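Please open the model in your viewer and keep the sequence panel beside it, since each stop on this tour begins with a selection. The model is a predicted one.

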Amino acid sequence: MIVERLHDMTLAIEVSTDDPSRYEWSVRRHGRIVRRAPWSAPDQSLALKQGRVALQEADALWQDSHQRRTDRVPDTTPEHQHGPTQAAGTEALVLPKPRGSGRPRSKR
């Protein structure tokens with residue numbers, strides 16, 4: 001078994017459980033499978049090559065989804081800064097409080 005690490009992800013190349021002459025790869029993050037080979041490879045070097053590509057892709061996706069977004073422009077509309085605005089001369093609608101089911105609660 002070959003094991004490689006990239007940040008907190010691990011690539012493992014193992015012998016296939018279905019056919020001992022073939023190899024499979026899996027990418028794990030903290031022990032959980034993130035990606036795995038959809039089919040087995042005929043030799044270990046091909047499985048390693050495919051697994052490395054999958055490891056790079058999985059790591060890039062994780063880094064991209066968990067990176068701080070510094071390129072976003074903040075919304076500067078008055079509604080966003082101060083909450084919803086009301087038109088002049090209108091009043092807010094006040095709804096009555098919902099009533100209970102009408103049955104008293106039992107004491108336990």
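Begin with the whole chain, coloured by accessibility if your viewer allows: of the 108 residues in the protein, 18% are buried. The protein exposes about 9600 Å², and carbon and sulfur atoms supply 51% of that area.

Now switch to a cartoon view, in which 2 helices and 4 strands can be picked out; followed along the sequence, they come in the pattern β-β-β-β-α-α. If you display contacts between residues at least 6 apart in sequence, 33% of these join residues at least 24 apart.

Next, select serine 40, which sits in the loop between β4 (32-36) and α1. Is serine 40 buried or exposed? Serine 40 counts as buried because its relative accessible area is 15%, which falls under the 20% cut-off. Show its side chain together with that of arginine 22, and you will find a polar contact between the two at 2.7 Å. Leaving out residues up to four places away in sequence, serine 40 touches Ser16, Arg22, Tyr23 and Glu24, so that arginine 22 appears both in this list and as the partner in the polar contact.

From there, move into helix α1 (residues 44-65) and select aspartate 59, which lies within that helix. Which side chain of opposite charge is nearest to aspartate 59? It is arginine 29, at 7.2 Å, and aspartate 59, although buried, has no salt bridge. To see what does surround aspartate 59, add Leu6, His7 and Met9 to the selection, as these are its contacts once neighbours within four places in sequence are set aside.

Methods
Residues are numbered from 1 along each chain as its sequence is written. This is a predicted model: local features need pLDDT of at least 70, side-chain atom pairs count only at pLDDT 80 or more; totals for chains, interfaces and linings use all residues. Side-chain values use heavy atoms; hydrogens and water are left out. Buried means under 20% relative accessible area, exposed over 50%, partly exposed in between (1.4 Å probe, protein chains only). Lys and Arg count as positive and Asp and Glu as negative; His and the chain ends are not counted. A salt bridge is a side-chain nitrogen of Lys or Arg within 4 Å of a carboxyl oxygen of Asp or Glu. Contact means heavy atoms within 4.5 Å. A polar contact is a pair of N or O atoms within 3.5 Å; within protein, one must be able to donate a hydrogen and the other to accept it, and residues adjacent in sequence count only if both atoms are side-chain atoms. Accessible areas come from the Shrake-Rupley method with a 1.4 Å probe; for residues, only the protein chains shown count as cover.
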